[in-house]
Amino acid sequence: MSRRWLAERKREPYHRMAKEQGYRSRAAFKLLQLDQKYGFFKGARYVLDVGAAPGGWLQVASEAVDPDGLVVGVDIMRIESLEVENVRTIVADILEEKTVETIREMFPGRVDVVLSDLAPNVSGVWDLDQYRQIELARAALNLAKTLLKPRGWFVVKVFQGSEYDAFLKELRKDFGFVKIEKPKASRKESAETYVLCTN
Ligand SMILES: C[S@@+](CC[C@H](N)C(=O)[O-])C[C@H]1O[C@@H](n2cnc3c(N)ncnc32)[C@H](O)[C@@H]1O
């Protein structure tokens, strides 16, 4: 049995659970597990989710916020409508400067939680993929700094690699509370971690 096959099989419970529970992606469970530990959705009304397609995290956020709140999902890919009142989605590139303004105009005020599960299309060249992922995470940090309320939460996926420590340093400069997590639903062999920031 190949390692890959075994890894796939290990991952399978989350695929099955996502199907059974009507989530669009197994990634939904990562967000559920992180929120279970940190409770960042508690009292949240406005949530921004960047790199949101196909919409698993949007489903979780939509269930977690006030019904009269708003969750905005942004991706370069079109996100099929969730058909719930409190979610709006747009197609936009997070690396384009004008996207910040477009997003800001969608919210009536400051945002409680900024979520980023952004990841580039993997090229297979690890250094390049890691570099591009950190570039995306930095763009998300810029959004968080512009849009978050005081004491708001920033939850960001970060690939471990040569830029990792430098990026963590940046996060620690901007937030008083910074924790690194690897939720159970994240594959052990993947280099992704999630960093939770507030204050
Ligand atoms: C791991 S997926 C997100 C999965 C999502 N959290 C869910 O639960 O369904 C990462 C997403 O980042 C998006 N992405 C990559 N580069 C982007 C960019 N420059 N601007 C916006 N989205 C981007 C990809 O299109 C992809 O849909």
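**Close-up views of the ligand and its pocket**

**View 1. The space taken by the ligand is the largest pocket of this predicted model.** On a 1 Å grid over the protein atoms alone, a pocket is an open set of points where a 1.4 Å probe fits, with protein on both sides within 12 Å along at least five of seven lines, and lining residues have an atom within 4 Å of a point; a molecule sits in a pocket if more than half of its atoms lie within 2 Å of its grid points. Because this is a predicted model, local features need pLDDT of at least 70 and side-chain atom pairs count only at pLDDT 80 or more, while totals for chains, interfaces and linings use all residues. Residues are numbered from 1 along each chain as its sequence is written, and side-chain values use heavy atoms, with hydrogens and water left out.

**View 2. The lining of the largest pocket.** The volume of this pocket is about 1100 Å³, counted as the space filled by probe spheres set on grid points that are joined across faces, edges and corners. It is lined by 44 residues, of which Asp117, Leu118, Ala119, Pro120 and Lys157 are the closest to its centre. Helix α5 (a DSSP run of H or I with at least four residues; strands are runs of E with at least two) gives the most to the lining, with five residues.

**View 3. The residues around the ligand.** The ligand is surrounded by 20 residues (each with a heavy atom within 4 Å of it), and the closest are Ser25, Gly56, Asp75, Asp93 and Asp117.

**View 4. Polar contacts of the ligand.** In these pairs of N or O atoms within 3.5 Å, a polar side-chain atom of Ser25 lies 2.9 Å from an oxygen atom of the ligand, and a backbone N or O atom of Ile76 lies 3.4 Å from a ligand nitrogen atom. Taken alone the ligand exposes 590 Å² (Shrake-Rupley method, 1.4 Å probe), and the protein buries 86% of that.

**View 5. The cis peptide bond at Pro54.** The peptide bond from Ala53 to Pro54 is cis, with omega near 0°, and Pro54 is placed in the loop between β1 and α3. A polar backbone atom of Pro54 is also 3.3 Å from an oxygen atom of the ligand.

Notes. A polar contact is a pair of N or O atoms within 3.5 Å; within protein, one must be able to donate a hydrogen and the other to accept it, and residues adjacent in sequence count only if both atoms are side-chain atoms.
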